[in-house]
Amino acid sequence: MTLPVLLFQLQTQMTTGAASADMGWMYWAGELLAAGAYSLVAVLLFFLGAKRDEWPRRLLFFLFGVLATMGSSVHFINLLGTQEWLGVLLVVKLFFGLIAVVAAFLLFKAIPGVLAIPSTKKLEKANADLQALVLDRERIEHDLKETQAELERRVRERSNQLTKANRDLEREVENRKSTEKQLIAKNYELVRINADLDDFVYYASRDLKGPVLNVAGLVDALREDLPAGNPEFAQLFSRLDGAVAQINQKLNNLAEVSRIQRPAEEAQQTTVAFDEVLAQVKGDLTEALQISQAQIITDFSAAPTLSYSKENLRSLLFHLLSNSLKYRDPERPLTVTLKTEVQEKFVRLTVQDNGIGMDLSRHEQQLFSLFRRFHDHVEGSGLGLYIIKRIIDNNRGKVEVQSTLGQGTTFFLYFVNHQIETGTTV
């Protein structure tokens, strides 16, 4: 209690003594000015704090305002305090001091938060950057809108084009369907006409055989009635016999071509043996085989039999062997090799000879055409290879050819292996 008492005694002394002394008015004026200044500062700080929006700065101003208020209060107590109220005034000053300490402590805690608030200059710069960013974003949005408008325009144009193209395509599809129907109708008509022509050729060739045989008989009868030994008659009859034979051969070829145009029927297919059919073909070509002294080598061990039309297989072997005999090389003995083998879904028949061969680079495209011949030094009708191709095609097979001029020709015939294949024969 010594220090407060001394301070209060100093005040008392100065207040009581100052009234009569010349310097007492200075004490009163100093205290009054200090109290007024602190009060004015406190009011100003509270006013500024009330104007701030952000809480940290508002708190800062309030705390400074509290400190200023405490300071002005102490000066006012110094002016108004008396000896009678000494205890009360000391308690009030102690309370004000505690409030000031608390305010100082809170002010210490609030300063970092206030320092974290950007300065006005920084805020202006950030605001300027933000405005620039906003402007840039507005420009980008404007560009995006223009781009979107351009894309929408292109989409509309493209949609219109696609719609038009779709309509054109629909019309094209309709036209093609109509054309396809017309083609189908024409195809049916052509098939019918071809069938009629095949029937006509088949029955005409069959019916013409009788008159041709009658002509051959009349020639024989005329030969017997005329005196023998006349060279002119002999030459005439030789030419007649040749003409009748050619007509008969042509009729047989036409009948066979007409027959193979018809699809093969299941009932016509039986199990036929290659060596058996080949023996019959060799019987048909006995004279040609004897003249050529051809050597026939066979190996049907891999596939000795085949489910096929016997008549068609005989026709195939006949034309293949007949071609080998016709187009043999006179410089060497003819050798014809026939063998079979199983390849996946096919039974392959290979017929190879050492004849004069063909230039496939020139004739491959016309090789199986009707009435096409590639050698003129021997007689032929140009039907053999055509008949082979048609028979094989009608039975879902295929034909391959390898040939070299001066070395020979090899035919590969592929037959559907019905032991594996279960489909219907075409």
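This section describes the strand order, helix packing and selected residues of a predicted model.

The strands considered here form an open sheet of five members, arranged in the order 2-4-5-7-6 with mixed pairing. Strand 2 (295–299) and strand 6 (398–404) occupy the edges; each has a single partner strand, so one side of each is left without a neighbour in the sheet. On average, and with direction ignored, neighbouring strands of this sheet are turned by 15 degrees against each other.

Strand 5 (residues 346–353) pairs with strand 4 and with strand 7 in this sheet. Its pairing with strand 4 (residues 335–343) is antiparallel and extends over eight bridges. Within this pair, Val342 stands opposite Val347 of strand 5, and Lys339 has Thr350 of strand 5 as its bridge partner. The two strands form a hairpin, with two residues between strand 4 and strand 5. Glu344, which lies in the turn of this hairpin, has a positive phi of about 50 degrees. The pairing of strand 5 with strand 7 (residues 408–416) is likewise antiparallel, over seven bridges. Here Gln352 has Thr410 in strand 7 as its bridge partner. Of the eight residues of strand 5, six are buried, so the strand is largely enclosed by the rest of the structure. In a regular strand the side chains alternate between the two faces of the sheet.

Two helices that contact the sheet were examined. Helix 7 (residues 274–284) packs on the sheet and touches strand 2, strand 4 and strand 5. The direction of helix 7 makes about 165 degrees with that of strand 2, an angle that counts as roughly antiparallel because it is over 145 degrees. Helix 9 (residues 310–326) lies across strand 2, strand 4, strand 5 and strand 7. Relative to strand 7, helix 9 runs at about 170 degrees.

Helix 7 and helix 9 also meet each other. Their axes come within 9 Å and cross at roughly 55 degrees; the two helices are therefore oblique to each other. The crossing of helix 7 and helix 9 is right-handed. On the side of helix 7 the contact is made by Phe274, Glu276, Val277, Leu278, Gln280, Val281, Lys282 and Asp284. Helix 9 contributes Lys310, Leu313, Arg314, Leu317, Phe318 and Leu321 to this contact.

A second helix pair consists of helix 6 (residues 231–260) and helix 11 (residues 384–394), whose axes come within 10 Å and cross at roughly 20 degrees. Helix 6 is thus roughly parallel to helix 11, and the crossing of the two is left-handed. The residues of helix 6 that make the contact are Glu256, Val257 and Ile260. Those of helix 11 are Tyr386, Ile387, Arg390, Ile391 and Asn394.

Positive phi values are also found in two loops. Most residues other than glycine have a negative phi. Gln293, in the loop between helix 8 (286–292) and strand 2, has a positive phi of about 55 degrees although it is not a glycine. Gln293 counts as exposed, with a relative accessibility of 60%. Arg396 is located in the loop between helix 11 and strand 6, and its phi is near 60 degrees, again a positive value in a residue other than glycine. The relative accessibility of Arg396 is 28%, and this residue counts as partly exposed.

Two further residues lie in helices of the N-terminal numbering range. His75 belongs to helix 3 (residues 55–80). With a relative accessibility of 19%, His75 counts as buried, because the limit for that class is under 20%. The side chains of His75 and Glu31 are joined by a polar contact of 2.7 Å. When neighbours within four places in sequence are left aside, His75 is in contact with Glu31, Ala34, Ala35 and Tyr38. Val102 is part of helix 4 (residues 86–116) and counts as partly exposed at 48% relative accessibility. Val102 and Leu63 are separated by 39 residues in sequence, and their C-alpha atoms are 9.2 Å apart in space.

Definitions and conventions. Residues numbered from 1 in each chain as written. Predicted model: local features only at pLDDT ≥ 70, side-chain atom pairs only at ≥ 80, totals over all residues. Heavy atoms only, no water. Buried < 20%, exposed > 50% of the residue type's maximum accessible area, 1.4 Å probe, protein only. Helix = DSSP H or I, 4+ residues; strand = E, 2+ residues; numbered from the N terminus. Pairing = 2+ DSSP bridges. Polar contact = N/O pair within 3.5 Å; in protein donor to acceptor, adjacent residues only side chain to side chain. Contact = heavy atoms within 4.5 Å. Axes fitted to C-alpha atoms, helices over the stretch in contact; angles between N-to-C directions. Parallel < 35°, antiparallel > 145°, perpendicular 65-115°, else oblique. Left-handed = near helix turned anticlockwise from the far one by under 90°.
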